[in-house]
Amino acid sequence: MQNGPLAIFVSPHFDDIALSCGGTAARLAQMGAHCVCLTVCAAPAHDEAALTGYAQGLHGLWREASGRQKEINSVRREEEAAALRLLGLHPVWLDVPDAPYRRSADGEAFYTSDTELFGRVAPEERRLLVPCIADEIRRVALENGGARGRVRVFAPLGVGRHVDHQLMFRACLRLGPRYGVLFYEDYPYTAVEGALRQRLEEIGAPAQPRLNNISDLIGLKIASISKYKSQLGVLFGSPEAMPGAVRAYSSSVAEAAPGVQYAERVWRLRPAYSLGVE
């Protein structure tokens with residue numbers, strides 16, 4: 001059991017914490033907090049032969065980008081472990097498959113296109129997955145010494161409307177005030193003009209921003225993101241484009257804090273949440 005304060009970073013997928021709040025996580029770890037990265041959608045596909053054409057296409061892209069032909073979930077776990085070591089986070093992986101792998105009780109795939117993946121969460125998943133994820137976060141908090149209230153949870157805001165990010169957002173709304181939930185901006189989705197504003201309007205609850213100065217940690221953040229070779233082409237067009245894109249967005253966030261070069265932003269939502277968001 002840890003003696004210091006506990007910070008749980010809820011990550012829908014391998015890579016979300018390094019991308020969205022890697023500087024904040026590294027700062028807390030350096031300050032002595034016990035930092036856990038709880039990656040929710042960490043389970044491999046149950047049967048690669050039964051993957052939809054959409055999921056097979058994603059696997060092909062990831063394998064080509066990584067330069068490796070081994071099972072893609074193993075590749076992504078190795079990438080995640082290397083990135084978290086740099087940031088000072090302890091990995092915890094849940095047994096939930098990624099959205100393109102999940103199916104209904106009748107065996108129908110929930111998400112078979114980009115439109116569905118960045119659209120409406122399946123009602124069956126809202127009903128079953130959301131409370132299960134919330135319970136897992138509580139379990140991880142208890143097992144890591146968060147029972148005495150010295151816990152802070154960082155959760156995705158849901159910018160970009162990826163269904164897994166929406167599910168994590170809903171799950172973390174259930175945690176209650178003792179978990180001190182702060183919602184991080186989902187990068188790179190939040191770099192799209194208007195995406196953050198649209199998401200805050202969808203949520204419909206008063207939101208207060210908090211900026212974290214990561215000027216001295218921007219190099220470490222970029223180094224951690226670089227570990228995700230399988231994802232860099234999809235997210236940034238090429239690995240070479242990533243550092244400049246990360247610096248540009250972090251600089252744009254820092255414009256709200258005079259004298260700060262690079263920053264990350266999290267949001268505190270008041271308890272009067274609107275659950276009308278999809």
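## Salt bridges and a helix packing

Asp15 and Arg76 are both buried. In this predicted model, the side chains of these two residues form a salt bridge, with an N to O distance of 3.4 Å. Asp15 is found in the loop between strand S1 (6-11) and H1, while Arg76 belongs to helix H3 (residues 72-87), so the pair ties together parts that are 61 residues apart in sequence.

The count of salt bridges comes to eleven. Three of them, including the pair just described, are set out below.

| Salt bridge | N to O distance |
|---|---|
| Asp15 and Arg76 | 3.4 Å |
| Arg102 and Asp164 | 2.7 Å |
| Glu143 and Arg139 | 3.0 Å |

The second pair in the table joins the side chains of Arg102 and Asp164. Arg102 lies in the loop between strand S3 (90-93) and helix H4 (114-117), and Asp164 lies in helix H6 (residues 163-173), so this salt bridge ties together parts that are 62 residues apart in sequence. Arg102 has a relative accessibility of 6% and therefore counts as buried. Asp164 counts as buried because its relative accessibility is 0%. The two residues also take part in a network of salt bridges that links Arg102, Glu125 and Asp164.

The third pair, Glu143 and Arg139, has another setting. Both residues lie within helix H5 (residues 123-143), where they are four residues apart, about one turn of the helix. With a relative accessibility of 51%, Glu143 counts as exposed; the cut-off for that class is over 50%. Arg139, at 30% relative accessibility, counts as partly exposed.

The description now turns to the packing of two helices. Two packed helices are described by the angle between their axes and by the distance between those axes. Helix H1 (residues 16-30) packs with helix H8 (residues 218-225) at an angle of about 125 degrees, and the axes are 9 Å apart. That angle makes H1 oblique to H8. The crossing in which H1 passes H8 is right-handed.

On the side of H1, the contact is made by Ala18, Leu19, Ser20, Cys21, Gly22, Gly23, Ala26 and Gln30. H8 contributes Leu220, Lys221, Ser224 and Ile225. By character, the residues of the contact of H1 with H8 comprise six nonpolar, five polar and one charged.

Technical notes
Residues numbered from 1 in each chain as written. Predicted model: local features only at pLDDT ≥ 70, side-chain atom pairs only at ≥ 80, totals over all residues. Heavy atoms only, no water. Axes fitted to C-alpha atoms, helices over the stretch in contact; angles between N-to-C directions. Helix = DSSP H or I, 4+ residues; strand = E, 2+ residues; numbered from the N terminus. Parallel < 35°, antiparallel > 145°, perpendicular 65-115°, else oblique. Left-handed = near helix turned anticlockwise from the far one by under 90°. Contact = heavy atoms within 4.5 Å. Nonpolar A, V, L, I, M, F, W, Y, C, P; charged D, E, K, R; others polar. Salt bridge = Lys/Arg side-chain N within 4 Å of Asp/Glu carboxyl O. Buried < 20%, exposed > 50% of the residue type's maximum accessible area, 1.4 Å probe, protein only.
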